[in-house]
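Here are my notes on the model you sent round. I've kept them as numbered points so you can go through them with the structure open.

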Amino acid sequence: MATLRGEQGAVQFDATGSSNATIVGTRSWTLTITKETLDTSKHGDTFRSFVGSMVSGSGTVELVYDPDATGQSGFLEDVVTTADTADATFELFTTGTSSGTDSVSFAGIITDMEITSTVGELVIVSASFVTSGTITSNLE
Amino acid sequence: MAAADLNEIRATIEARITTELNKAPKIPVMFHNMAYKPTANSSWVQCLTTFGASEYLSQGLTTNSRNRVVGVVVFNIFTAKGRGPGSNYKIGKRIRDLYNRVIVSGVFFDAPVGPEALATPAPEGYFQSQVRVTFETIEEL
């Protein structure tokens with residue numbers, strides 16, 4: 001396994017979950033996967049024990065804003081989807097864009113979007129999401 | 001998309017100053033790698049475009065990706081020695097106004113620096129000031 005650099009990565013997204021496409025202008029992404037634990041310690045135990053429980057995820061995607069860049073508008077406008085059924089699909093790649101390879105995929109909801117415009121700097125969009133349902137990890 | 005054509009960017013920058021200084025009062029303008037022998041006590045401008053380090057802007061390697069390409073244009077303004085800075089700074093204003101926060105063909109020009117008077121003109125025998133304008137463009141691959 002080779003060491004990777006961030007520029008090898010990519011984010012693919014589809015607001016309706018039908019066909020993911022690369023969001024052009026993605027600067028970075030993060031993903032945190034959390035597994036809850038249930039305490040299974042019994043009376044008389046001297047060491048606490050646990051079993052894994054529900055798994056969930058959340059993260060961020062940062063874009064160099066360009067309204068004409070493929071995939072950007074659909075991504076950042078998904079935050080205003082009301083009664084969101086979590087039909088949007090994400091695939092976050094550590095390298096390449098080959099679906100199911102070096103990536104994590106899931107359905108999710110964009111929970112917030114921030115667009116920042118500062119004099120002398122590029123306009124940046126930062127969006128946060130939570131996963132919904134199965135998280136498929138292919139970080140082999 | 002394609003890699004940035006730096007020569008095209010240079011030509012865009014140079015065409016802008018050439019057009020401006022070709023208006024009255026006309027001022028000769030020289031660029032990198034051009035021979036020029038100024039006449040004594042004349043006014044002239046040297047325009048030097050240089051590109052600096054590029055940096056990653058987005059993910060995606062050689063496709064669907066973007067880089068930031070930066071550069072600087074240095075204008076050396078020469079006017080007659082011993083006659084004060086007025087005529088020199090008038091040229092400086094023309095140049096400054098030409099690039100000040102302008103966006104041309106996808107090139108973003110920043111607020112200019114100068115005109116700054118130089119204590120040691122090169123070549124000697126003139127009053128020299130300098131206007132510098134940094135710029136950047138986004139390369140889309």
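The points below take chain A, then where the chains touch, then chain B.

1. First, a reminder that this is a predicted model. Everything I say here should be taken in that light.

2. Chain A has 1 helix and 7 strands. Reading from the N terminus, the order is β-β-β-β-α-β-β-β, so to speak a helix set between strand 4 and strand 5. The C-alpha trace spans about 65 × 40 × 35 Å along its principal axes. Of the 140 residues in chain A, 27% are buried. If you look at contacts in chain A between residues at least 6 apart in sequence, 60% of them join residues at least 24 apart.

3. How are the strands of chain A ordered in the sheet? The order is 2-1-5-6-7-4-3, in an open sheet of 7 strands with antiparallel pairing. Strand 2 (21-22) and strand 3 (26-39) of chain A sit at the edges, each pairing on one side only.

4. Strand 5 (residues 88-93) of chain A is worth a look. It is mostly covered, with 5 of its 6 residues buried. On one side it runs antiparallel to strand 1 (residues 10-14) of chain A, joined by 5 bridges, and here A:Leu92 is the bridge partner of A:Val11. Strand 5 of chain A also pairs with strand 6 (residues 103-116) of chain A, again in the antiparallel sense, over 6 bridges. In that pairing A:Glu91 stands opposite A:Ser105.

5. Carry on across the sheet and you get to strand 7 (residues 124-138) of chain A, which is antiparallel to strand 6 of chain A and joined to it by 12 bridges. To find the register, look for A:Asp112, which has A:Ser128 of strand 7 of chain A opposite it.

6. Now to where the chains touch. On the chain A side 11 residues are in contact with 8 residues of chain B. Those chain A residues divide into 3 nonpolar, 6 polar and 2 charged.

7. Which residues have the most contacts inside the largest nonpolar core? They are B:Val45 and B:Phe75, in a core of 22 residues. The elements giving two or more residues to this core are helix 1 (6-21), strand 2 (44-56), strand 3 (66-80), helix 2 (86-99) and strand 7 (126-140) of chain B. Strand 7 of chain B gives the most, with 5 residues. A second, separate core has 21 residues, including A:Val24, A:Leu63, A:Leu92 and A:Val104. As background, nonpolar side chains in soluble globular proteins tend to be buried together.

8. B:Phe75 is a good place to centre the view. Leaving aside neighbours within four places in sequence, B:Phe75 is in contact with B:Val45, B:Cys47, B:Ile95, B:Gln130 and B:Val131.

9. Helix 1 of chain B has 16 residues and reaches 23 Å from its first C-alpha to its last, close to the expected 22 Å. Its buried residues are B:Ile9, B:Ile13, B:Arg16, B:Ile17 and B:Leu21. Seen down the axis they fall within an arc of 125 degrees, so they line one face of the helix. Exposed on the other side are B:Asn7, B:Glu8, B:Ala15 and B:Thr19. Do note B:Arg16 among the buried residues.

10. Helix 2 of chain B reads in a similar way. In this helix B:Asn88, B:Ile91, B:Gly92, B:Ile95, B:Leu98 and B:Tyr99 are buried. They cover an arc of only 120 degrees around the axis, which puts them on the same side of the helix. That side packs against helix 1, strand 2, strand 3, strand 5 (107-109), strand 6 (113-117) and strand 7 of chain B. The face turned away carries the exposed residues B:Gly86 and B:Asp97. Just after the helix, B:Arg101 takes a positive phi of about 60 degrees.

11. Last, B:Gly71, in strand 3 of chain B. Why does B:Gly71 count as buried? Because it has 20 C-beta neighbours inside 10 Å. Not counting residues up to four places away in sequence, B:Gly71 touches B:Thr49, B:Thr50, B:Phe51, B:Gly52 and B:Phe135. The C-alpha atoms of B:Gly71 and B:Val133 are separated by 8.5 Å, with their positions 62 residues apart along the chain.

Definitions and conventions: Residues numbered from 1 in each chain as written. Chains lettered and ligands numbered in written order. Predicted model: local features only at pLDDT ≥ 70, side-chain atom pairs only at ≥ 80, totals over all residues. Core = buried A, V, L, I, M, F, W, Y, C linked by C-beta atoms within 7 Å. Buried ≥ 20, exposed ≤ 12 C-beta atoms within 10 Å, placed from the backbone. Helix = DSSP H or I, 4+ residues; strand = E, 2+ residues; numbered from the N terminus. Contact = placed C-beta atoms within 7 Å. Nonpolar A, V, L, I, M, F, W, Y, C, P; charged D, E, K, R; others polar. Arc of directions from axis to C-beta. Pairing = 2+ DSSP bridges. Expected span 1.5 Å × (residues − 1).
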